[in-house]
Amino acid sequence: MFPERRPHGGSEWLSEEAWAVIEPHLPKARPGAPCVDDRRVISGILHVLRSGCRWSDCPPEYGPATTIYNRSNRWSVQGVWNRLFGRLAAAGNIPDEISIDSTYVKAHRSAAGAKGDDTAQAIGRSRGGRTSKIHALANAQGRPVAFILTTGNVADISVANTLLDDIAPPRRLLADKAYDADHLRKLLEAQGTDVVIPSTRARRHPYPLNRRAYRGRNVIERMFCRMKDWGRIATRYDRLARNFLSAVALVATACFWLP
């Protein structure tokens, strides 16, 4: 994703190859005063997401810090980052083997203060304190294909159907015990999907488990680990759920769907 070109301060910029993939999906320039170059601004946004720094601390070679933040926020409102991720993921995904899982994200104190209660912005209280939860689907190569953001105290199984509605029925679904529910198994089997989910201890008659196939579920865990190498994904600083989910979408695009 990042090239050999490193201007002032050793900063990293989008490569020519990555920019060629992104550029067709961005809003076209509007009449009026010239804007700061999109490639430069997006490189600045990625710098903030990766380093976890404040927007005001973004290095000046990317342009004015207010421009970096405003462009990120405006395109979040317009759904640009989510559409970019969705289009690239759809173009590169083959619904063969899919893994489903979730990960907790600690909400920093700066994430408080949005209008409405915390739950309206996907922040809830769990054993880890104030947290959000990213629910995701990943393909067999460990690339994300869909996301949902909820409060941290939401059960994984409660959003499984919503996530799976975003893709064509896969040939096989891998999941951990949190997804062991008869209604999900029956739905998947009716679609012709091979279900690879271990049974909970509460089951008197456990379902058979393809243990060899189940080993492949680690790809989604490694996917989350790679995304959490980015400071603003490992910790949530955004007050608005919309902005944090946009950050997740952009980081997922940068990590997995750009050359």
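**Note on aromatic pairs, ring-facing charges and D156**

1. In this predicted model, the count of aromatic pairs comes to 4. One of these is formed by W55 and Y69, whose ring centres are 5.6 Å apart and whose planes stand at 70°; since planes over 60 degrees apart count as edge-to-face, the pair is therefore classed as edge-to-face.

2. The W55 and Y69 pair links distant parts of the chain, for W55 is in the loop between α2 (38-51) and α3 (65-77), while Y69 belongs to helix α3, and 14 residues separate them. As for their surroundings, W55 has a relative accessibility of 15% and so counts as buried, whereas Y69, with a relative accessible area of 34%, is partly exposed.

3. Two arginines deserve a look alongside the aromatic rings. The charged end of R50 sits over the ring of W230, at 5.1 Å from the ring's centre, and R185 lies over the face of Y207, with 4.1 Å to the ring centre.

4. Turning to D156, this residue is placed in the loop between β4 (144-151) and α5 (160-164). Its relative accessibility is 12%, and because buried means under 20%, D156 counts as buried.

5. Which side chains are joined to that of D156 by a polar contact? The side chain of S102 is joined to that of D156 by a polar contact of 2.8 Å, and the side chain of K133 by a polar contact of 3.0 Å. When neighbours within four places in sequence are left aside, the residues in contact with D156 are D101, S102, K133, H135, A178 and Y179.

Key: Residues numbered from 1 in each chain as written. Predicted model: local features only at pLDDT ≥ 70, side-chain atom pairs only at ≥ 80, totals over all residues. Heavy atoms only, no water. Helix = DSSP H or I, 4+ residues; strand = E, 2+ residues; numbered from the N terminus. Buried < 20%, exposed > 50% of the residue type's maximum accessible area, 1.4 Å probe, protein only. Polar contact = N/O pair within 3.5 Å; in protein donor to acceptor, adjacent residues only side chain to side chain. Contact = heavy atoms within 4.5 Å. Phe/Tyr/Trp six-rings, centres within 6.5 Å; stacked < 30°, edge-to-face > 60°. Lys NZ or Arg CZ within 6 Å of the ring centre and 35° of its normal.
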